[in-house]
Amino acid sequence: MGRKNRDLSYLKPFCFYCDKTFKNEVYLHQHQKAKHFTCQRCFKKFSSCDSLKNHVESAHHEVLTKIPNATGDRSDIKNKIFGMQGVPRVEIEKRIRKGAEEYWTKILSAQYQQRRKENKQRMKQNREISKKENQQDVKIDNEKEEIEQHEYNPEAKPISFDLDYELLQKQ
């Protein structure tokens, strides 16, 4: 029996702009360069958002207002992010907390499911035991009914057995 593989992706480097997780920060840099720091007009790639912003202003005479391919409120050009550097500590902590909650919810849910399964088995065993007890009670009730069916005669002579005690002792 080995140790279970745990999903620790919430501890790995992630892209602040799109929440994608990476094996290491090198892959994260490549991703950001290809997806978020690429000029939308000439498809030139840059290593940071500042470089992209300067390029767009000087080469295309436009103002870059948001990071390309970024989700919602994370597309702000004011964020100075390169890899994991510059990612707000609050976001990192939020991600770690969320991942830990999901992990423990999964673990506790599995334990709950195991306990529920054990309880079902216990209930089934208890039903079988009570069913057997009921069958025995019915059997006893039937025997009592048979006994009650025979009329009791107080004047009847008791049955006597003539036993040869000497013969029994020899055997």
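I will talk about the aromatic rings in this structure and about the charged side chains that sit over some of them. Please keep in mind throughout that what we have here is a predicted model.

Let me begin with the rings themselves, where the structure holds 3 aromatic pairs, and where I will go through two in detail. One of them joins phenylalanine 16 to tyrosine 17 in an edge-to-face arrangement, with 5.7 Å from centre to centre and 75° between the planes. Another is formed by tyrosine 17 and phenylalanine 37, again edge-to-face, with the centres 5.9 Å apart and the planes at 80°.

Where along the chain do tyrosine 17 and phenylalanine 37 lie? Tyrosine 17 belongs to the segment before α1, which spans 25-36, while phenylalanine 37 is in the loop between α1 and α2, the latter spanning 49-59, so that the pair links distant parts of the chain, 20 residues apart. Taken together, Phe16, Tyr17 and Phe37 make up one aromatic cluster.

Are these residues buried or exposed? Phenylalanine 16 is buried, as is tyrosine 17; tyrosine 17 counts as buried because its relative accessible area is 0%, and phenylalanine 37 is likewise classed as buried because its relative accessibility is 0%.

Turning to the charged side chains, we find arginine 74 over the face of phenylalanine 16, at a distance of 4.8 Å from the ring centre, and phenylalanine 16 is, as I said, a member of the cluster with Tyr17 and Phe37. A further case involves phenylalanine 14, where the charged end of arginine 95 sits over the ring, 4.2 Å from its centre.

Methods: Residues numbered from 1 in each chain as written. Predicted model: local features only at pLDDT ≥ 70, side-chain atom pairs only at ≥ 80, totals over all residues. Heavy atoms only, no water. Phe/Tyr/Trp six-rings, centres within 6.5 Å; stacked < 30°, edge-to-face > 60°. Buried < 20%, exposed > 50% of the residue type's maximum accessible area, 1.4 Å probe, protein only. Helix = DSSP H or I, 4+ residues; strand = E, 2+ residues; numbered from the N terminus. Lys NZ or Arg CZ within 6 Å of the ring centre and 35° of its normal.
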